[in-house]
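Reader: I am new to this structure and would be grateful for a close look at one part of it, the packing of two helices. Please then set that part beside a few other places in the chain.

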Amino acid sequence: LEEGEKPDKVTFISIFDACASLASLEEGKLIHASIADSELGSDLIVGNATVNMYGKCGISQDARNVFDRMPQRDVVSWNAMIAAYAENGDSNMAIELFQQMNMEAVVKPDRVTFISILDACASMAVLKEGKEIHAFIVEAGLESDIVLGTSLVKMYGKCGSLQDARTVFDRMPQLDVVSWTTMIGVYVQNRHGKAALQLFRQMVMEGLSPDKITFVGILNACTNLASLEEGKAIHMSIVNTGCVLDSVLGTALVNMYSKCGRLEDARAVFDKISQQDVVSWTALISAYAQSGHCKAALELLGQMDLEGMKPDNITFISIVDACAHLAILEQGKVIHARIAGEGFESDDAVKTALIHMYGKCGSLEDARRAFDRIWQPDVISWNAMIAA
């Protein structure tokens, strides 16, 4: 522009794609404003790129405004708008738009459409709509697509329909690590740990190498079952495959060893994590607090502070629980003051932990004060106050 060159259609499409990948809303809006009333503003491909940009920037309404003004739309236009809704938590609108697409019957959905709409069904756990989408996929002859099959497995899992998820999985003509991991994850999410372990063994027997996400899922199954033997075997597999022990994988191991009552192993894993974050620190603190080693949990908070790592609401819940277990009112008040100072006092779960702590420390007035600050107490909050 500074050199007097006039950008063309390809330039604008590339710039919109760049704004989308960087989620640069302000720049995207400026570019859009510069072409809105020009011939380029009504171009199909430029319109698609604009809808996609607003969607990736989290502004579904602006994406919809552009979509509604487009003089013509193709499947990419519909996909961009449906994805904008689905990716920004507007799943109901994504489903409504998909239904509108089918009613208008001008453009047929493709695999990309189905992937987005299945994600929307999964996030809302709407089994009826999910089954309807499945029927559309079968009708379109796309059921053998590995990505769509995996999306169907995930959707049925989120809806709690394990039999449907497994039926889709078993019918898939080709399975990859993602498909196996998704089905294992479905069993874990629905507390079918033994089935998850059995499927994991089958996956390994068929010659597939688990990845980090597979290992995290199967470790969660071991945690739910408190199965130390299986968990140690998975740990050995992780070591043998040379997986980097990052925060996600390390935290899953810490949780597993903690649930199995092996604090020393949990700590040994934590110390080997390549880059500890607030989640891994919180997992270890929680491990000590829940096993009754509450002084050690408080000491870990001090170490966490020395490392420059800021605790989050989950960390504070574990620390408050440690104070409750030890019935140390003054320390509990110090932690409460810190919670307020760091902006976590508005969290209802933190307030409920504080009620419990003050009750255990015999300070009913403080417990009631924390309770009265909860905007809409749930049954857990009421129980904590009644118990206090």
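Author: Helices (H or I, at least four residues) and strands (E, at least two) are DSSP runs, numbered from the N terminus. Axes are lines fitted to C-alpha atoms, for helices over the stretch in contact, and angles run from 0 to 180 degrees between N-to-C directions. The model is predicted, with local features requiring pLDDT of at least 70 and side-chain atom pairs counting only at pLDDT 80 or more, while totals for chains, interfaces and linings use all residues. Residues are numbered from 1 along each chain as its sequence is written, and side-chain values use heavy atoms, with hydrogens and water left out.

The pair in question is helix H11 (residues 177-189) and helix H13 (residues 212-225), whose axes lie 9 Å apart and meet at an angle of about 20 degrees. That angle makes H11 roughly parallel to H13, a term for angles under 35 degrees, with those over 145 counted as roughly antiparallel, 65 to 115 as roughly perpendicular and the rest as oblique. The crossing of the two helices is left-handed, which is to say that the near helix is turned anticlockwise from the far one by less than a right angle; a clockwise turn would be right-handed.

Contact here is defined as heavy atoms within 4.5 Å. From H11, the contact is made by Val 177, Thr 181, Ile 184 and Val 188. From H13, the participants are Ile 213, Thr 214, Gly 217, Ile 218, Asn 220, Ala 221 and Asn 224. These residues divide into 6 nonpolar, 5 polar and no charged. In that division, Ala, Val, Leu, Ile, Met, Phe, Trp, Tyr, Cys and Pro are nonpolar, Asp, Glu, Lys and Arg are charged, and the others, Gly among them, are polar.

Ala 221, a residue of H13, deserves separate attention. Ala 221 counts as buried because its relative accessible area is 0%; buried means under 20%, exposed over 50% and partly exposed in between, with a 1.4 Å probe and protein chains only. Beyond its neighbours within four places in sequence, Ala 221 is in contact with Val 188, Gly 193 and Ala 196. Its C-alpha atom is 8.8 Å from that of Gly 185, although 36 residues separate them along the chain.

Another buried residue, Thr 251, has a relative accessible area of 7% and belongs to helix H15 (residues 247-259). Setting aside residues up to four places away in sequence, Thr 251 touches Asp 246, Ile 273, Val 279, Ser 280 and Ala 283.

The cysteines come next. The structure holds 0 disulfides, a disulfide being a pair of cysteine sulfur atoms within 2.5 Å. Cys 260 is in none, and the nearest cysteine sulfur, that of Cys 222, is 7.5 Å away. Cys 260 is buried at 17% relative accessibility. The sulfur of Cys 323 lies 7.3 Å from the closest cysteine sulfur, in Cys 361, which is too far for a bond. Cys 323 is buried as well, with a relative accessible area of 0%.

Some loop residues complete the account. Ala 105 has a positive phi of about 55 degrees although it is not a glycine. This residue sits in the loop between helix H6 (91-104) and helix H7 (111-124), and its relative accessibility of 58% makes it exposed. Ala 125 likewise has a positive phi, near 55 degrees, in the loop between H7 and helix H8 (127-139). Ala 125 is partly exposed, at 41%.
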